[in-house]
Amino acid sequence: MHRPVLLVIAHGSRDPRHAATVHALVRRVRSLRSGLRVETGFLDFNLPSVERVLESLAAEGVRDVVALPLLLTRAFHAKADIPAVLAQAPSRLRIRQAEVLGPSPLLLAALERRLYEAGLTPADKSSTGVVLASAGSTDPEAIAVIADIAREWRHTGWCAVRPAFASASLPRTEQAVRELRALGCARVAVAPYVLAPGFLPDRIARGAAEADVLADVLGPAPEVARVLLERYDRARTPVLAAVGA
């Protein structure tokens, strides 16, 4: 059966760790689904650009593409930037924009994986408060999603879970850490709800200075790769007519 090309659309960053992490995640996706063609394009800062990848695919004779935003929440980039870029794609391409990655139970599993890799154990959950630290957004929908994830995660056994934001919204990571201390949690951990290193994740790390545990970014965690494939599978049938047509 014909399978559309999966085009992973990343934001891009001046920080070289960002692109390296994106490529590591894409390699893991390929390892989980042999025979699936996966390409990567960036909105800014890194190459290849999304526009260049789409032009190259069209020149090869590719017809069907699933464009997957490498984003955790549905905010400005998913609602405006990416649709605008896809609307300029060569007309021969049939493109379907997949949903963003979050929320997903698999992402919660990836967050816990990173916390355990940082030194916690399942036995620590009831005495540990967690800061769910995201990049932040001016989009109320995106902020509400982070708050919902924190509430849901709290019900899995953690002492408490507080959302925090590196930009645009409050509280900041350091404020949430202090709130959890004041609440009486025996230890405080910070779980960055971000996909790759960069400016805002570094700000989260600085805000975690008073925490007991700082987890790594989600990066190429196997659960994240599985979410990408879930979003691809959901979007691929049927592939919509060409965007903008």
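Where is the place of Ala 168? The legends below answer this and other points for a predicted model.

**View 1. Ala 168 sits in a loop between a strand and a helix.** The place of Ala 168 is the loop between strand E6 (160–165) and helix H6 (173–183). Its phi is near 70°. That is a positive value in a residue other than glycine. Ala 168 is exposed. Its relative accessible area is 51%, and over 50% counts as exposed.

**View 2. Phe 45 also has a positive phi.** Phi of Phe 45 is near 70°, and Phe 45 is not a glycine. The residue lies in the loop between E2 and H2. Buried, exposed or partly exposed: which word fits Phe 45? Phe 45 counts as partly exposed, because its relative accessibility is 40% and partly exposed runs between 20% and 50%.

**View 3. Pro 48 follows a cis peptide bond.** The bond runs from Leu 47 to Pro 48. Its omega is near 0°. Pro 48 lies in the loop between strand E2 (38–42) and helix H2 (50–60). Phe 45 is in the loop between E2 and H2 as well.

**View 4. A cis peptide bond joins Gly 102 and Pro 103.** Omega is about -5° here. Pro 103 is found in the loop between strand E4 (94–97) and helix H4 (105–117).

**View 5. Strands E1 and E2 pair in the parallel sense.** Strand E1 covers residues 5–10. There are 5 bridges between E1 and E2. One of the paired positions links Leu 7 with Glu 39, its bridge partner in E2. How many of the 5 residues of E2 are buried? The count is 4, so E2 is largely enclosed by the rest of the structure. Strands of a sheet pair through backbone hydrogen bonds, either parallel or antiparallel.

**View 6. Four strands form an open sheet.** The strand order is E6-E5-E7-E8. The pairing is parallel. E6 and strand E8 (213–214) are the edge strands. Each of these two pairs on one side only. Helix H6 packs on the sheet. H6 touches E5, E6 and strand E7 (187–192). The direction of H6 makes about 160° with that of E6.

**View 7. Strands E5 and E6 run parallel.** Strand E5 spans residues 128–134. E5 and E6 are joined by 6 bridges. Within this pairing, Leu 132 has Pro 163 of E6 as its bridge partner.

**View 8. The largest pocket holds about 880 Å³ of space.** Its lining has 35 residues. Which of them are the closest to the pocket centre? They are His 11, Leu 71, His 77, Ala 135 and Leu 200. Three helices give two or more residues to the lining: helix H3 (76–87), helix H5 (140–154) and helix H7 (199–207). By class, the lining residues divide into 22 nonpolar, 12 polar and 1 charged.

**View 9. The largest cavity has a volume of about 40 Å³.** The count is 1 cavity of 30 Å³ or more. Thr 21, Val 22, Leu 25 and Leu 70 line the largest cavity, together with Leu 195, Ala 196 and Gly 219. What classes make up this lining? There are 5 nonpolar and 2 polar residues, and no charged ones.

**View 10. Asp 15 touches residues far along the chain, among them Gly 198.** Asp 15 is in the loop between E1 and helix H1 (16–32). It is buried, with a relative accessible area of 16%; under 20% counts as buried. Asp 15 touches Gly 198 and Asp 202, leaving aside residues up to four places away in sequence. Asp 15 and Gly 198 are 183 residues apart along the chain. Their C-alpha atoms are separated by 5.7 Å.

**View 11. Arg 154 belongs to helix H5.** Arg 154 counts as partly exposed, at 37% relative accessibility. Arg 154 touches Cys 159, Ala 160 and Val 161, not counting residues up to four places away in sequence. Pro 140 is 14 residues from Arg 154 along the chain. The C-alpha atoms of Arg 154 and Pro 140 are separated by 21 Å.

Definitions and conventions. Residues numbered from 1 in each chain as written. Predicted model: local features only at pLDDT ≥ 70, side-chain atom pairs only at ≥ 80, totals over all residues. Heavy atoms only, no water. 1 Å grid on protein atoms, 1.4 Å probe; cavity = no way out; pocket = protein on both sides within 12 Å on 5 of 7 lines; lining within 4 Å. Points joined across faces, edges and corners; volume = space filled by probe spheres on them. Nonpolar A, V, L, I, M, F, W, Y, C, P; charged D, E, K, R; others polar. Buried < 20%, exposed > 50% of the residue type's maximum accessible area, 1.4 Å probe, protein only. Pairing = 2+ DSSP bridges. Contact = heavy atoms within 4.5 Å. Axes fitted to C-alpha atoms, helices over the stretch in contact; angles between N-to-C directions.
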